[in-house]
Amino acid sequence: MDRLLVVGAGPKAMAVAAKAYVLRELGLPAPRVTVVEPNAVGGNWLPTGGWTDGRHRLGTSPEKDIGFPYRSTWARGHGPAVDQAMMTFGWTAFLVDRGTYAEWVDRGRPSPEHALWAKYLQWVARRSGVEMIHGRVRSIRAAGACWQVTIAGAEGATVEIGADRLMITGPGSSKRSLDDHPKLLSIADFWDLAGRRQLPVSSRAAVIGGGETAGSAMDELVRHDVLTVSVISPAATIYTRGESYFENSLFSDPVKWRALSIAERRDVVRRTDRGVFSVRVQETLLADNRVHHLQGRVVRVAEEGDGVALTLRNEARPDRTHTFDLVVDATGGQPLWFLDLFDEEAVDLFELAVGGPLTQARIEGSIGDDLAVDRLPAKLYLPNMAGLAQGPGFPNLSCLGELSDRILASAPAAPVVSGASVAVSALPERVASH
Ligand SMILES: Cc1cc2nc3c(=O)[nH]c(=O)nc-3n(C[C@H](O)[C@H](O)[C@H](O)COP(=O)(O)OP(=O)(O)OC[C@H]3O[C@@H](n4cnc5c(N)ncnc54)[C@H](O)[C@@H]3O)c2cc1C
């Protein structure tokens, strides 16, 4: 049977699970979806995931739910039926089910707190009956046109599962920080201390990073006893996501994306996605005269008395050092975190597919229309890396319905690449012998 294994039970996993359920219900082909998750469903939206305390609000509208934009035109003749069935998994259906729909409308359709978003995802998991495995993916190896995935359960016992297709989600670990220093907190440490009301009192605090992770951390820090809070990012300013129709439509409808040059695509991402705080976070911070922006890339972390000294680098200026008594590393996820899971042979195959060592740029450039890496023998879907090649909404919550369409409309095995014999002869011996 065609099995699609998903690493991580976040919104992307739920979008694919619900769409596969709907396709099956309509008698259309769909893979069996199995989701592996060490935490709860929606774990990264709960305090235990280390990315939030669960009480901060979603930056985007919850109506951009797991079916959005409800345009399954690829399912020829069945598109409207698929979209109608997907509406029963939508955000408003969830609220109706909870009996809170009218209240939500009357309150002006607020963005939900992260913990409620996790509850929505859990509701989708229950309704779709998706197969869940409670455990953490530890390693992945290639076996012909399949993947073999080793999963460690809570008690440490491991199990190996075969999958025809594999999808990786999530940002990696929240426990990483730039340096091991007691005054430099990882984002997980920060939320843990904030949740226990044990954040150290500080006069000069700093948050490194300019994205959603940093935005939520800033939003929390300003509620604590601090004299100044500096947000440090390489860009000249912190941009606000405009949320205009023109910007949003590029996220919801990736078709237009293809027509843009790479330089134009990078420009859109820079202005709308990276180094951008949501309008609501920006409004809170702008009104607070303790908040400042420092431009630069942190290149050195050093002990300085009771505090920590950060050296900031800017291309046109000499390095500058600033001292803080509390620093939060909110630089966010590591895009290539999942590479550590692949064994050597799988890495060799991956390198062959992308044409060289596994860099972010090379992988981003190799993501095809189905959000999988081109030229791998078995499908490896990497929606988090699909922004540049396929559309800026695929790594986030902007077009989860389109994401599931692209993946489920594709065939389980990668087409045989012309010139494969040349490629195989170029493989290192260890792989070529298989
Ligand atoms: C604070 C914050 C706020 C955000 N707000 C928004 C927003 O409002 N709008 C928006 O579009 N985007 C937002 N984002 C970006 C957001 O990360 C993505 O949009 C979205 O969550 C990604 O969904 P996902 O399914 O890829 O992963 P996630 O929701 O991150 O889920 C990944 C899952 O993988 C699990 N996992 C990790 N390692 C393993 C392993 N080895 N084996 C098995 N499972 C594993 C984790 O436990 C987690 O549950 C926000 C990000 C942060 C940090």
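## Ligand shell and strand pairing

Strand E5 (residues 146-152) runs antiparallel to E6, and 6 bridges join the two. That pairing belongs to an open sheet of 3 strands, and one of its strands, E4, also supplies at least two residues of the shell around the ligand. Keep in mind that this is a predicted model. Here's a quick tour of that sheet, the ligand, strand E17 and alanine 115.

**The E4-E5-E6 sheet**

- The strand order is E4-E5-E6, and the pairing is antiparallel.
- Which strands sit at the edges? They are strand E4 (136-143) and strand E6 (158-163), each of which pairs on one side only.
- Going from one strand to the next, the twist averages 25°.
- E4 and E5 are joined by 7 bridges and run antiparallel; valine 137 stands opposite isoleucine 151 in E5.
- These two strands, E4 and E5, make a hairpin with 2 residues between them. Glycine 144 sits in the turn and has a positive phi of about 60°.
- On the pairing of E5 with E6, one residue match to look up is threonine 150, whose bridge partner in E6 is glutamate 160.

**The ligand and its shell**

- How many residues surround the ligand? There are 30, and the closest are Lys12, Glu37, Asn44, Gly59 and Thr60.
- Two of those closest residues also show up as polar contacts with ligand oxygen atoms. A backbone N or O atom of glycine 59 is 2.5 Å from an oxygen atom of the ligand, while asparagine 44 uses a polar side-chain atom, 2.8 Å from an oxygen atom of the ligand.
- Valine 36 brings a backbone N or O atom to 3.4 Å from a nitrogen atom of the ligand.
- On its own, the ligand has 990 Å² of accessible area, and the protein covers 91% of that.
- In terms of secondary structure, helix H1 (11-25), strand E2 (32-37), E4 and helix H7 (212-221) each supply at least two shell residues.
- Which of these elements gives the most to the shell? H7 does, with 3 residues.

**Strand E17 and its parallel partners**

- Strand E17 (residues 326-329) is covered on both faces. Leu326 and Val328 are buried on one side, and Val327 and Asp329 are buried on the other.
- Strand E8 (residues 184-185) pairs with E17 in the parallel sense, over 2 bridges.
- Strand E9 (residues 202-208) also runs parallel to E17, joined to it by 4 bridges.
- Valine 328 of E17 is a handy reference point here: leucine 185 stands opposite it, and so does valine 207.

**Alanine 115**

- You'll find alanine 115 in helix H5 (residues 114-128).
- Is alanine 115 buried or exposed? Its relative accessible area is 24%, and it counts as partly exposed because that value lies between the 20% cut-off for buried and the 50% cut-off for exposed.
- Leaving aside neighbours within four places in sequence, alanine 115 is in contact with Trp45, Leu46 and Gly54.
- For a long-range reference, take arginine 280, which is 165 residues away along the chain from alanine 115. The C-alpha atoms of these two residues are separated by 18 Å.

Notes. Residues numbered from 1 in each chain as written. Predicted model: local features only at pLDDT ≥ 70, side-chain atom pairs only at ≥ 80, totals over all residues. Heavy atoms only, no water. Buried < 20%, exposed > 50% of the residue type's maximum accessible area, 1.4 Å probe, protein only. Contact = heavy atoms within 4.5 Å. Pairing = 2+ DSSP bridges. Axes fitted to C-alpha atoms, helices over the stretch in contact; angles between N-to-C directions. Near = heavy atom within 4 Å. Polar contact = N/O pair within 3.5 Å; in protein donor to acceptor, adjacent residues only side chain to side chain. Areas by Shrake-Rupley, 256 points an atom, 1.4 Å probe, with all protein chains shown as cover.
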